[in-house]
Amino acid sequence: MPPEASGPQLPASVASASHPPGFSGSRFFDVAIVGGGVIGCSVAYHAARRGASVALFEADRISSGASGAAAGMLNAQAESHEPGPMLDLMVESRRMHETFSERLREETGLDPEYVRAGTLRVATDEAFAEKLAGAYSWQKEEGLSVEWLDADEARDLEPGLSPETLAALYFPEEGQVNSPRLVKSLALAATKMGADIFEHAPVFGFLAENGRVAGVRAPGGDINAGSVVLAGGAASGRLAAELGVELPVSPVKGEILSVEARRAPISANVWDDACYLVAKRDGRIVVGATEEVGVYDRRPTLGGVARLSSAASKLIPEMAGCPFVSAWGGLRPGTPDGAPIIGHAEGWDNLLIATGHYRNGVLLAPVTGEAVSALALGEESAVDVSPFSHRRIMEAAGL
Ligand SMILES: Cc1cc2nc3c(=O)[nH]c(=O)nc-3n(C[C@H](O)[C@H](O)[C@H](O)COP(=O)(O)OP(=O)(O)OC[C@H]3O[C@@H](n4cnc5c(N)ncnc54)[C@H](O)[C@@H]3O)c2cc1C
């Protein structure tokens, strides 16, 4: 059971009918968005804030893809391996999250539950401790906020940690949100500003000629649009192929589970080299996540649940006594270089790509929504997204 099934349901005012009234070839929107995950909904929200007319098409329900499966960690530093544009983008988006949730809560009454309690990366063997030491030194050199903790200091911070803990890295500025709630809140805020969000409305084709997309084909009829944004997550490559656009995005399956904890045994996101644990406001601890490239079946497996359960109990022994709640899976949109694709499709005037966010789509949603909405409306993006261009992917593939 995916987590959103037990979470807040999208208010009826957002969930438009699958055959919206007035849905005909004569309807025009400034921006049409394909995909109602955290990325598509963030683009819709930011475009609506810019005053644009917006239509978003979601094949299933809002947040039914990877975004509904995500643990919701905002790990700009803990996920980074080196300085560079990717780190900068993640840090910028993490900064945006600090006010994003509160603004959405005020606009919609639906709280995405932002928490800034840091992330603790834990080593229980020498090899991993050495890796963490390497990360500590380059991040210190970059002037980032990071603390090296010995075993006692780590257990002072998180008393539930296993006695096998050798050392840990603490990233105090990292945080987390409730991902399905964030998506729903974005969708609701967008509709409050006039966006049309259509659920159970799979886009099955495009209206296109001479390097311009005139609109999308969806149930109920064709829609014309000034710009079209592809935000279809792991399905984006298949969608782009409809236009003859090469988009090497493939699924990286992740399995994840949750248990109930009467008293959360952790406060930060706690993560060793085998699993991570995230304490949710509703009393669940989420344990994630496996990684399997190229698998399309997103259902959780016995093997995945067994591996995660055993890793979680090793990291925080108290986890072994927590009642199991549910397990689910999702398909992360992966790219060949692990970085997202944000910006114009190569060779197309008004086709925008917003996908390939792999492990960090929730973190990167604010910055992606801001940048892509600007580009879709012919404005400059305040954030430089040129390192994430479609062109760099094409060049790397020799295309
Ligand atoms: C187990 C797991 C844990 C994760 N944990 C984290 C985390 O802690 N922090 C973090 O930042 N990220 C995390 N991620 C990654 C994150 O979930 C993704 O990067 C992010 O959700 C991608 O968002 P998206 O909107 O691009 O894709 P999705 O959420 O997959 O949305 C794409 C949507 O497009 C729709 N669609 C597809 N085809 C069509 C069509 N033809 N017409 C209309 N709609 C269509 C799909 O139905 C889907 O709803 C995790 C992922 C997984 C699987």
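**Exercise 1. Which helix is the place of Arg391?**

Solution. Arg391 sits in helix α10, residues 390-396. Helices here are DSSP runs of H or I with at least four residues, strands are runs of E with at least two, and both are numbered from the N terminus. Residues are numbered from 1 along each chain as its sequence is written. Keep in mind that this is a predicted model: local features need pLDDT of at least 70, side-chain atom pairs count only at pLDDT 80 or more, and totals for chains, interfaces and linings use all residues.

Next, check its surroundings. A residue is buried if 20 or more other C-beta atoms (placed from the backbone) lie within 10 Å of its own, exposed if 12 or fewer, and partly exposed in between. Arg391 has 15 C-beta neighbours inside 10 Å, so it counts as partly exposed. Ile341 is 50 residues apart from Arg391 in sequence, yet their C-alpha atoms are 9.1 Å apart in space.

**Exercise 2. Work out which residues of α4 are buried and what they pack against.**

Solution. Start with the helix: α4 covers residues 126-141, 16 in total. From first C-alpha to last it reaches 23 Å, close to the expected 22 Å (1.5 Å times one less than the number of residues).

Now pick out the buried ones: Leu132, Ala135 and Gln139. Seen down the axis of α4, they fall within an arc of 60 degrees, so they line one face of the helix. (The arc is that of the directions from the helix axis to the C-beta atoms.) On the other side, the exposed residues include Glu126, Gly134 and Glu141.

Last step: the buried residues of α4 pack against β4 (119-123) and β6 (167-171). Contact means C-beta atoms, placed from the backbone, within 7 Å.

**Exercise 3. Find where the ligand lies relative to the two domains.**

Solution. First, get the domains from the assignment, which is automatic or from a database: domain 1 is 3-70 + 180-249 + 337-396, and domain 2 is 116-176 + 251-334. Their centres, taken over C-alpha atoms, are 30 Å apart, and 14 residues of domain 1 are in contact with 12 of domain 2.

Then look at the ligand. It is surrounded by 43 residues, with Gly35, Gly37, Gly65, Gly233 and Gly361 the closest; a residue is near if its C-beta atom, placed from the backbone, lies within 6 Å. Both domains give residues to this shell, so the ligand lies between them.

Conventions:
Two residues are in contact if their C-beta atoms, placed from the backbone, lie within 7 Å.
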